[in-house]
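Here is a friendly walk through one chain, taken a helix and a loop at a time. Have the viewer open and follow along.

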Amino acid sequence: IAVCGLDCGSCDIRMAPHDLGAAQRLVAWFKKEGWLKENEGINEIIARHMYCKGCRGDRSVHWSPDCWILKCCVDDKHHNFCYECSMFPCERLSEWAKQNDSYGKALHRLKEMKEKHKQS
């Protein structure tokens, strides 16, 4: 689970170097977005570090190495997850979660993690 609550375990961007199906979906998406040329594929994705090893991995191989959530949570506040912050959920994280269903689920996951942490 990422610091923001996203489930990295099921993410094509993270799984592509090791999972053929994920690689095919990622290549198709990147071509559709214009990030890959028609004759390019997973080898170019790997060579250009266009995949992710997760928030706790090498940030030179991270989907968004300049992620504001990662910088705030880990770099500035030295937390493992956003829910550990005294300001959780902050307004900025709450607004981020409204952008799409995946982000909304991530915030919900963090809230559940916080509750479980309080109970233990």
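## Helix 2 and its buried face

In helix 2, the residues that count as buried are Ala22, Ala23, Leu26, Val27 and Phe30. Looking down the axis of helix 2, you will find these buried residues within an arc of 130°, so they line one face of the helix. The reason for such a pattern is familiar: an α-helix has 3.6 residues a turn, so residues three or four places apart point the same way. Please keep in mind that this is a predicted model.

Helix 2 runs over residues 20–33, which makes 14 residues. From its first C-alpha to its last, helix 2 reaches 20 Å, close to the 20 Å expected at 1.5 Å a residue. The cover over its buried residues includes helix 1 (12–15) and helix 3 (42–47).

## The two ends of helix 2

What sits at the start of helix 2, by the backbone nitrogen of Gly21? A side-chain oxygen of Asp19 reaches to within 3.0 Å of that nitrogen. At the other end, just after helix 2, Gly34 takes a positive phi of about 85°.

## Glu40, a buried acid in a loop

Move on into the loop between helix 2 and helix 3, and you will meet Glu40. Is Glu40 buried or exposed? Its relative accessibility is 13%, and since buried means under 20%, Glu40 counts as buried.

Which residues does Glu40 touch, leaving out those up to four places away in sequence? They are Val27, Lys31 and Arg48. With Arg48 there is also a polar contact, side chain to side chain, at 2.3 Å. Val27, for its part, is one of the buried residues of helix 2.

## The chain as a whole

Now let us step back. The chain holds 6 helices and 0 strands, so to speak an α-α-α-α-α-α run from the N terminus on. Along its principal axes, the C-alpha trace spans about 50 × 25 × 25 Å.

Of the 120 residues in the chain, 32% count as buried. The exposed area comes to about 7,600 Å², with carbon and sulfur atoms supplying 51% of it. If you take the contacts between residues at least 6 apart in sequence, 44% of them join residues at least 24 apart.

## Two nonpolar cores

How many residues does the largest nonpolar core have? It has 21, and those with the most contacts inside it are Ile69, Cys82, Phe88, Leu93, Trp96 and Leu110. Helix 4, helix 5 and helix 6 (101–119) are the elements that give two or more residues to this core. Helix 6 gives the most, with 4 residues.

Leu110 is a good residue to select in your viewer. Not counting residues up to four places away in sequence, Leu110 touches Val3, Cys4, Gly5, Phe81, Cys82, Tyr83, Phe88 and Leu93. A second, separate core has 12 residues, including Leu26, Val27, Ile45 and Met50. Leu26 and Val27 also belong to the buried residues of helix 2.

## Helix 4

The buried residues of helix 4 are Ile69, Leu70 and Cys73. Around the axis they cover an arc of only 90°, which puts them on the same side of helix 4. These buried residues pack against helix 5. Ile69 appears again among the residues with the most contacts inside the largest nonpolar core.

## Backbone points to check

Two histidines deserve a look. His49, in the loop between helix 3 and helix 4, has a phi near 55°, a positive value in a residue other than glycine. With 37% relative accessibility, His49 counts as partly exposed. His78 comes just after helix 4 and takes a positive phi of about 60°; it lies in the loop between helix 4 and helix 5. At 66% relative accessibility, His78 counts as exposed.

Where is the cis peptide bond? It joins Phe88 and Pro89, with omega at about -10°. Pro89 lies in the loop between helix 4 (68–76) and helix 5 (91–97). Phe88, its partner in the cis bond, is also listed among the residues with the most contacts inside the largest nonpolar core.

Definitions and conventions
Residues numbered from 1 in each chain as written. Predicted model: local features only at pLDDT ≥ 70, side-chain atom pairs only at ≥ 80, totals over all residues. Heavy atoms only, no water. Expected span 1.5 Å × (residues − 1). Buried < 20%, exposed > 50% of the residue type's maximum accessible area, 1.4 Å probe, protein only. Arc of directions from axis to C-beta. Contact = heavy atoms within 4.5 Å. Polar contact = N/O pair within 3.5 Å; in protein donor to acceptor, adjacent residues only side chain to side chain. Areas by Shrake-Rupley, 256 points an atom, 1.4 Å probe, with all protein chains shown as cover. Core = buried A, V, L, I, M, F, W, Y, C linked by side-chain atoms within 4.5 Å.
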